[in-house]
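Work through the exercises below with the sequence and the model side by side. Each task is followed by a solution in steps.

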Amino acid sequence: MIDVKHLIENPDLYVASQRARGADESLVEQIVSADAERRSSITAFEELRAEQKAFGKRVAAAKGDEKQQLLAEVKELSANVKAAEAASDEAKGRLDGLQRRFPNLIEDGVPAGGEDDFSTVKTVGTIRDFSADGFTARDHLEIGELIGAIDMERGAKVSGSRFYFLKGVGARLELALMQMGLDLALKNGFIPMMTPTLVRPETMQGTGFDVEHDDEIYKLERDDLYLVGTSEVALAGYHADEILELGEEPIRYAGWSTCYRREAGSAGKDTRGIIRVHQFNKLEMFIYTSPEKAAEEHARLLDWEEQMLAMVELPYRVIDTAAGDLGMSAARKFDCEAWVPTQETYRELTSTSNCTTFQARRLNIRERVAAEDGSKGGTRMVATLNGTLATTRWLVAILENHQNPDGSVNVPAALQPYLGGLEVLPVL
RNA sequence: GGAGACGUGCCAGAGCGGCCGAAUGGACUUCACUGCUAAUGAAGGGUCCGGCGAAAGUCGGACCGGGGGUUCAAAUCCCCCCGUCUCCGCCA
């Protein structure tokens, strides 16, 4: 949720943000008037309520006929209080509804427009020239089958389309990648977390997902639970309704979990291989920090992602996602996209978002701040950020970019220790 | 799956339907005392929302797991949900 007070003081900022997103600008005006209504209805209710409480004391003190007399008098007042409270609850509800629909205020510098309006921050590495190497690149599935790493057919037999088995070196490669990511995280002060993958609706909503309308989310109707699409959900919910003692250093978690996505709107897209699947594993970074440190922490997250890409020796580019493609919670988002030779394009491997105080406000996660004069201090919303360290999809880029003419795959040096020193994934 | 107990402030733990934002301990902060630590004495605390105020503040409202209800009035009575614990059964 956005900060309504901030919106009221800076409506122009929010209008501009909505415009850049291609979202509804009139929401700004609607929130301003809904808040005015809320305030006046609260004042009306509170005055009546104070009167009722004062009356209550007289009733308690009185007895006999006098008490009966007072009781008769106060009945009408009680009805008025009820009505005023209902009106004020309704006004609060209206504002809350608008607030929930309003996406995060974008950060300065985010390119305006939709999916294709991203700006490229940088391009790293050299795209491999397979014609110079004298052979035609095989796609990741063909390689995966040659080296016994991926079995899509049996995945479909057991679970349906977009399911797969990773076996043999495929299973080992995924684990190796995740472990390497975890080691990088540990080296940088992250606390490793194995998180729940089924969460309650409030947790899902709190993170910014709409369980009612989001077709991407698997729902377990009988139990009113939802399968997470990323451990971000569990890690954001982890500190819900808490007041954190954030020191100088942010709290950094590295969440390891399986992720589930329905891919409802993507029928026919990426149907081959493991590019787009219903279930995959992911190592996710999640940060709680002070609002003023959020942007610099965002840069750090991006840097760690790039370190991972460097370790697996992939050519990639970094894009600054356009406003319209940010989603509800992000104020800014950088994606790292690796080159996929057989698609002759860059595909997303990591994504890091700065959600500023947006998620924290909905989840009610605050920090204790020290007052200027010393140790007292109030509370304020924290900022949250997230970013990807590794996912199953990375196998696609690794297999394709490091393949040999016979279908075997060279293991990047940094990954070899995690595969027991294996230098090549051989054809079976 | 069956039976039961419980959910109060940072923690422990009281709380007849009105005098309860809430006793009492402990922890914590500040002050005093002691050469330091400890001990002792005194004082002080939550969160959110609204009004007024430049601010410190001040006045008012809400919050005793969550949501409904009964009542002039609910931490206290009733219902539903969530969670924790104990016993039995079942499964691994």
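**Exercise 1.** Which domains does the domain assignment of chain A give?

*Solution.* The assignment, of the automatic or database kind, gives domain 1 (4-101) and domain 2 (115-425). This is a predicted model, in which local features need pLDDT of at least 70 and side-chain atom pairs count only at pLDDT 80 or more, while totals for chains, interfaces and linings use all residues. Residues are numbered from 1 along each chain as its sequence is written, chains are lettered from A and ligands numbered from 1 in the order in which they are written, and side-chain values use heavy atoms, with hydrogens and water left out.

**Exercise 2.** Describe the interface of domain 1 and domain 2.

*Solution.*
- Step 1, separation: the C-alpha centres of the two domains lie 43 Å apart.
- Step 2, contacts (heavy atoms within 4.5 Å): five residues of domain 1 touch eight residues of domain 2.
- Step 3, buried area (the accessible area, 1.4 Å probe, that two parts lose on being put together, summed over both): the two domains bury about 530 Å², with 42% of it on carbon and sulfur atoms.
- Step 4, salt bridges (a side-chain nitrogen of Lys or Arg within 4 Å of a carboxyl oxygen of Asp or Glu): the count between the domains is zero.
- Step 5, polar contacts (N or O atoms within 3.5 Å, within protein one able to donate a hydrogen and the other to accept it, residues adjacent in sequence counting only if both atoms are side-chain atoms): three residue pairs are found across the interface, both residues at pLDDT 80 or more.
- Step 6, elements (DSSP runs numbered from the N terminus, helices being H or I of at least four residues and strands E of at least two): helix H2 (11-21) and helix H4 (65-101) each give two or more residues to the side of domain 1 that touches domain 2. The largest share, three residues, comes from H4.

**Exercise 3.** Is Thr 352 buried or exposed, and what does its side chain meet?

*Solution.*
- Step 1: Thr 352 lies in strand E13 (residues 345-354).
- Step 2: its relative accessible area is 0%; buried means under 20%, exposed over 50% and partly exposed in between (1.4 Å probe, protein chains only). Thr 352 is therefore buried.
- Step 3: a polar atom of its side chain lies 2.8 Å from the backbone oxygen of Asn 386.
- Step 4: leaving aside neighbours within four places in sequence, the contacts of Thr 352 include His 298, Arg 332, Asp 335 and Gly 387.

**Exercise 4.** Where is the place of Gly 324?

*Solution.*
- Step 1: Gly 324 is in the loop between strand E11 (316-320) and strand E12 (332-340).
- Step 2: at 40% relative accessibility, Gly 324 is partly exposed.
- Step 3: leaving aside neighbours within four places in sequence, Gly 324 is in contact with Ala 20, Arg 21, Gly 113 and Gly 114.
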